[in-house]
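Here is a short set of exercises to work through with the coordinates open beside you. Try each task before reading its solution.

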Amino acid sequence: MDQHQKYQTFKSLHVPGNAFVVGNAWDAGSARILQHVGFAALATTSAGYAFSKGKQDSSASLSRDEILGNAAEIVLATDLPVSGDLEDGFGAEPDACATTVRAASGCGLVGGSIEDATGSFDAPLYDFEHAVERVVAASEARRGLPFLLTARAENFLCGNPDLKDTIARLQRFSEAGADVLFAPGVTRLEDIRTLCAEVDKPVNVVMGLSGPNYSLAELSAVGVARVSVGGSFARAALGALMRAADEVLREGQFSYARDAVADADVRKLMRDEQR
């Protein structure tokens with residue numbers, strides 16, 4: 001599939017009430033594995049990528065060039081549509097969001113998310129109207145491009161679990177041109193139901209983080225269109241590494257190898273002709 005075909009495929013997956021899961025890959029190898037197990041679309045994860053580089057997940061420690069370089073490697077490693085975790089757009093001003101969206105499309109991504117978190121402890125969220133202006137700029141930048149724009153309202157991750165304000169932000173983001181709406185950190189199923197009912201675009205939720213984890217059927221029933229897993233696949237891989245290392249160093253045993261993927265299978269997955 002070319003980029004336009006991938007975009008159309010990705011867009012068609014977003015059906016409220018019939019949620020699909022997008023697999024969050026943190027490098028080219030994990031992307032190939034997620035394609036192999038059957039995901040229909042992938043997304044990058046800034047958290048997973050940051051961990052692989054020995055960094056914390058923040059726009060202060062990850063540059064636009066780093067994030068998009070990693071995304072380009074993931075795009076080249078798979079035939080699936082890939083959406084990008086674009087942090088806050090790598091700049092406070094609307095022009096920065098526009099530049100990021102154009103560059104993201106240029107590296108083969110068929111979508112991406114822009115969040116309204118500032119990364120500042122003192123003022124963790126962009127002011128309402130400024131946040132809307134950033135989404136407007138991102139939306140205008142992708143005009144004519146095969147790019148599905150997701151707008152994120154970060155209230156619940158920034159110490160302000162205000163559902164009413166979160167919904168108001170998402171409604172304005174929708175008016176500003178966002179195609180998909182996302183409020184990470186909303187964990188109550190009834191709140192997710194309310195959010196889905198109050199907006200007019202497909203809603204993404206994230207599972208695999210802290211708090212309750214609902215089934216795909218439960219999330220579909222309340223109107224969700226897309227489910228992502230953020231950096232949780234990467235953390236699961238790191239957890240397996242830590243358990244294996246702990247067994248070797250503390251017990252002098254190597255039973256972890258029984259659960260490891262066979263070398264021959266990994267080699268097969270990483271061959272270009274297996275894409």
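The exercises below concern a predicted model, and each one ends in a worked solution.

**Exercise 1. The barrel**

Task: Find how many strands close into a barrel, and in what order they follow one another.

Solution.
- Step 1: Follow the pairing from strand to strand. Eight strands close into a barrel, and their order is β1-β2-β3-β4-β5-β6-β7-β8.
- Step 2: Check the sense of the pairing, which is parallel.
- Step 3: Look at the angle between neighbours: from one strand to the next, the twist averages 25°.
- Step 4: Take β4 (residues 111–115) and β5 (residues 148–152) as an example. These two strands pair in the parallel sense over five bridges, and S113 has T150 in β5 as its bridge partner.

**Exercise 2. The neighbours of β1**

Task: Work out which residues are the bridge partners of V21 and A25, and decide whether β1 is mostly covered or mostly open.

Solution.
- Step 1: Start with β8 (residues 226–228). This strand and β1 pair in the parallel sense over three bridges, with V227 in β8 as the bridge partner of V21.
- Step 2: Turn to β2. Here too the pairing with β1 is parallel, over three bridges, and T44 in β2 is the bridge partner of A25.
- Step 3: Consider burial. Five of the six residues of β1 are buried, leaving the strand mostly covered.

**Exercise 3. Aromatic pairs**

Task: Count the aromatic pairs, then classify each one by its geometry.

Solution.
- Step 1: The count comes to two aromatic pairs.
- Step 2: Take F10 and F20. Their ring centres are 6.5 Å apart and the angle between the planes is 90°, an edge-to-face pair. The pair links distant parts of the chain, with F10 in helix α1 (residues 3–12) and F20 in strand β1 (residues 20–25), ten residues apart.
- Step 3: Ask how covered these two rings are. F10 counts as buried at 1% relative accessibility, and F20 counts as buried at 10%.
- Step 4: Move to F39 and F233. Their centres lie 6.1 Å apart with the planes at 65°, so this pair is edge-to-face. F39 sits in the loop between α2 (28–37) and β2 (42–44), while F233 belongs to helix α10 (residues 232–251), so the pair ties together parts that are 194 residues apart in sequence.
- Step 5: Add the accessibility of F233, which is partly exposed with a relative accessible area of 29%.

**Exercise 4. Salt bridges**

Task: State how many salt bridges the structure holds, then examine some of them by distance, location and exposure.

Solution.
- Step 1: Recall the principle: side chains of opposite charge can pair when their charged atoms come close. The structure holds twelve salt bridges.
- Step 2: Begin with K55 and E66, whose closest N and O atoms are 2.9 Å apart. This pair links distant parts of the chain: K55 is in the loop between α3 (46–52) and α4 (64–77), and E66 is in helix α4, eleven residues apart. K55 is partly exposed, with a relative accessible area of 31%, and E66 is partly exposed at 22% relative accessibility.
- Step 3: Next, take E175 and R172, with the closest N and O atoms 3.7 Å apart. The cut-off is 4 Å, so the contact qualifies as a salt bridge. The two residues are three apart in helix α7 (residues 163–175), which means they are separated by about one helical turn. E175 counts as exposed at 64% relative accessibility, whereas R172 counts as partly exposed at 26%.
- Step 4: Compare R267 and D263, where the closest N and O atoms are 2.7 Å apart. They lie four residues apart in helix α11 (residues 263–269), so about one helical turn separates them. R267 is exposed, with a relative accessible area of 58%.
- Step 5: Finish with a network of salt bridges, which links E115, R152 and E154.

**Exercise 5. A nonpolar surface patch**

Task: Identify which residues form a nonpolar patch on the surface with I33, and describe I33 itself.

Solution.
- Step 1: The patch is formed by I33, V37, V261, V266 and M270.
- Step 2: Together these residues have about 400 Å² of accessible area.
- Step 3: Locate I33, which lies in helix α2. Its relative accessible area is 38%, so I33 is partly exposed.

How values were computed
Residues are numbered from 1 along each chain as its sequence is written. This is a predicted model: local features need pLDDT of at least 70, side-chain atom pairs count only at pLDDT 80 or more; totals for chains, interfaces and linings use all residues. Side-chain values use heavy atoms; hydrogens and water are left out. A salt bridge is a side-chain nitrogen of Lys or Arg within 4 Å of a carboxyl oxygen of Asp or Glu. Buried means under 20% relative accessible area, exposed over 50%, partly exposed in between (1.4 Å probe, protein chains only). Rings of Phe, Tyr and Trp (its six-membered ring) pair if their centres lie within 6.5 Å; planes under 30 degrees apart count as stacked, over 60 as edge-to-face and the rest as tilted. Patches are made of residues with over 30% relative accessible area and no salt bridge: like charges are joined within 9 Å, nonpolar side chains (Val, Leu, Ile, Met, Phe, Trp, Tyr) within 5 Å. Accessible areas come from the Shrake-Rupley method with a 1.4 Å probe; for residues, only the protein chains shown count as cover. Two strands pair if DSSP finds at least two bridges between them. Axes are lines fitted to C-alpha atoms, for helices over the stretch in contact, and angles run from 0 to 180 degrees between N-to-C directions.
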